[in-house]
Amino acid sequence: MNRREASDFSKLTTYPEAYGEGAQRYNVGEFSNFISLPMLKAALKQIIEWDPKNIQSYCGNLVAPIYSFLEEHNIPSDDANAISSHLMGIYLPQTVDINLFMQSLKAQQIFVSARGRSIRVSPHVYNTESDIDAFLTVFKNHI
């Protein structure tokens, strides 16, 4: 699909070797993957059924203990009122060895993203209170 005139399906096997204009040459060759649309439709139906407000409320309740912990220990983070509930940044104290911390999280099957001296925590509807408790247990062991 990244070749010139490849979108003309009547010539699907005879299109020119030249790439399409602009950045078309860098597109994935299989973007006409027709299974993606039914999957997208099902995902959107699920999100509408759950309602984004309910998703944010659920995630907000999940991260509340993290914010309490951070406030209690004077650890800076993103302002909960300024971001979505399913994404937060935590600025680790200098006393925390980020590599050791990340290894400890991974050993407990807890996955966050390191961003320099910060971590990005992204809880969502598949997470539970026990996941948050496990995260906080590891965090407490490192401060």
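These notebook entries record what I looked up in the structure above.

**Ground rules.** I am working with a predicted model, in which local features need pLDDT of at least 70 and side-chain atom pairs count only at pLDDT 80 or more, while totals for chains, interfaces and linings use all residues. Residues are numbered from 1 along each chain as its sequence is written, and side-chain values use heavy atoms, with hydrogens and water left out.

**Fold.** I looked up the secondary structure, taking helices (H or I, at least four residues) and strands (E, at least two) as DSSP runs numbered from the N terminus. The protein chain holds four helices and three strands, and along the sequence I read their order as α-α-β-α-β-β-α.

**Overall dimensions.** I then checked the radius of gyration, which is taken over C-alpha atoms and set against a globule rule of 2.2 Å times the number of residues to the power 0.38. The protein chain has 22 Å, where a compact globule of 143 residues would have a value near 15 Å. Along the principal axes, I find that the C-alpha atoms fill a box of roughly 65 × 35 × 30 Å.

**Surface and contacts.** For the accessible surface I used the Shrake-Rupley method with a 1.4 Å probe, and for residues only the protein chains shown count as cover. The total for the protein chain comes to about 10,000 Å², with 53% of this belonging to carbon and sulfur atoms. By relative accessible area (buried under 20%, exposed over 50%, partly exposed in between), buried residues make up 24% of the 143 residues. Counting contacts as heavy atoms within 4.5 Å, I note that, among those with a separation of 6 or more, 54% join residues 24 or more positions apart.

**Two single residues.** I looked at G22, which is found in the segment before helix 1 (36-50) and is exposed, with a relative accessible area of 66%. Its C-alpha atom is separated by 37 Å from that of I119, and the two residues are 97 apart along the chain. N127 has its place in the loop between strand 3 (118-121) and helix 4 (129-142), where I count N127 as buried because its relative accessibility is 15%. Leaving out residues up to four places away in sequence, I find N127 touching Y58, L62 and S122.

**Aromatic rings.** I searched the whole structure and found three aromatic pairs, where rings of Phe, Tyr and Trp (its six-membered ring) pair if their centres lie within 6.5 Å, and planes under 30 degrees apart count as stacked, over 60 as edge-to-face and the rest as tilted. One of them joins F69 and F139, whose ring centres lie 5.1 Å apart with planes at 55°, so I enter the pair as tilted. This pair links distant parts of the chain, with F69 in helix 2 (residues 52-72) and F139 in helix 4, 70 residues apart. Both partners are buried, F69 at 5% relative accessibility and F139 at 0%. F139 also pairs with F135, and I enter this pair as edge-to-face because the ring centres are 5.7 Å apart and the planes stand at 70°. F135 and F139 are four residues apart in helix 4, so about one helical turn separates them. F135 is likewise buried, at 3%. Finally, I record that F69, F101, F135 and F139 form one aromatic cluster.

Notes
Buried means under 20% relative accessible area, exposed over 50%, partly exposed in between (1.4 Å probe, protein chains only).
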